[in-house]
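Reader: I've got a model open and want to know what the labels on it rest on. Mind if I quiz you?
Author: Go ahead, and ask for the cut-offs too.

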Amino acid sequence: MNMRSGGAGPWVMESLISKPQFPAMRAPRFRIVLTLFAILSTSPLAAAKEAPAMSLPGYKAVPVHYGALNKMLMSVSINGQSANLIVDTGANQSILDSSAAESFGVSPSRHGLRYLGFTQINGQLFPLGFVRSFRAGPMNFGGTSVALLNASTRNNFSTGSGMGNAHVDGILGTDILTRHKAVINSRTRLIFFRVDSSRQLQLAKFALSQRFTRVPLRKEENGAFTVPCSINSRLGSLLVDTGAFVTTLNESALKSLGVTLQPTQAKARFTTGLVRQISLGQVNYLAVGDFKVPRTKLAAAVLPNFALQQGSTRIDGILGLELLVMCHGIIDFDSMSLFLK
């Protein structure tokens, strides 16, 4: 098998404080990691109150927790060994750091079922490995393929130091989330995976009864998930990415709307070597679908064309995890909906 992806490339947004960088798989799109947590006064993830848990018939619930820099982390078992994965709706393929994968007994091999081929990211080939046993809480995913980041990307992939108490071994991507029709409840910190296809999920009816607003989730040709938005009455689209720790909008779009931007000490650094300054701006009106987001300051950057073009849709920014939590976001890959409250 030879999986190919586009040549967009990941980028890291970082403050002047050195932080480890965690590139993501984009097959076939770019990976964005936002670490503006250091320049924001508070984290909505840390401030969020525990919400009452909900149960979904025909699904199994797996808890997640939020680590440093707004990471959504899931504790899993890979071939019987414990691991931590970032849950990333912006990554098509689940990945493992090659050194961690080796300790789990997952490695590319020319003999046996563990050898699957390669996947191409940003012009580089990365081997695929086969996980024989993959579990999370009560959920058994069985065997699955993962991409392995090798030593040539080690400078852009760090697991451990500087990331708080959480050791990160890889990424849980939408290959697994969509396969099992996952429902991500960012507020209750639970992800539900379907195990009984005969049970009809009534999530939309329940969400509407709880005064949630339903926003249609669109899957683009390149696998990205987008939602419609309105920024100061200008219609557009946002990429839904739980791997983006802070929401960011395209700087040129905000400037054209008359939004005043304040420069920060944070910079966006692309794996291609491109460096861009990060600003903050007060957006008076931001709506995701028909849901009006509370007035807040948002990050802005000059996003390059390869990041802005997602399939046939040109996005205006990335909807990150902090706004999803603040707005009680629920992502439903069954009904292709984003629920906000």
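Reader: Which residue stands opposite L190 in β14?
Author: N185 does. Strand β13 (residues 183–185) and strand β14 (residues 190–194) run antiparallel and are joined by three bridges.

Reader: What makes β13 and β14 a pair?
Author: Two strands pair if DSSP finds at least two bridges between them, and here there are three, so they pair. A strand is a DSSP run of E, at least two residues; a helix is a run of H or I, at least four, and both are numbered from the N terminus.

Reader: Before going on, what kind of model is this?
Author: This is a predicted model, where local features need pLDDT of at least 70 and side-chain atom pairs count only at pLDDT 80 or more, while totals for chains, interfaces and linings use all residues. Residues are numbered from 1 along each chain as its sequence is written, and side-chain values use heavy atoms, with hydrogens and water left out.

Reader: How confident is the predictor, on average?
Author: The protein chain averages a pLDDT of 79 (the predictor's confidence in each residue, from 0 to 100), and 74% of the residues score at least 70. Over residues 154–165, though, the pLDDT is below 50. Residues 1–43 stay under 50 as well. Where pLDDT is low, the predicted coordinates should not be read in detail.

Reader: Why are β4 and β15 called edge strands?
Author: Each of them pairs on one side only. They belong to an open sheet of six strands with antiparallel pairing, in the order β4-β14-β13-β28-β29-β15.

Reader: How do you know that S237 is buried?
Author: Buried means under 20% relative accessible area, exposed over 50%, partly exposed in between (1.4 Å probe, protein chains only). S237 has 15%, so it is buried. This residue lies in strand β18 (residues 234–240), and its contacts (heavy atoms within 4.5 Å) include V227, T313 and D316. In the protein chain, 57% of the 341 residues count as buried.

Reader: What makes a nonpolar core?
Author: That's a set of buried Ala, Val, Leu, Ile, Met, Phe, Trp, Tyr and Cys residues joined through side-chain atoms within 4.5 Å. The largest one has 58 residues, of which M74, I191 and F193 touch the most other members. M74 touches I191 and F193, and also L85 and L172, among others.

Terms used
Lists of a residue's contacts leave out its neighbours within four places in sequence.
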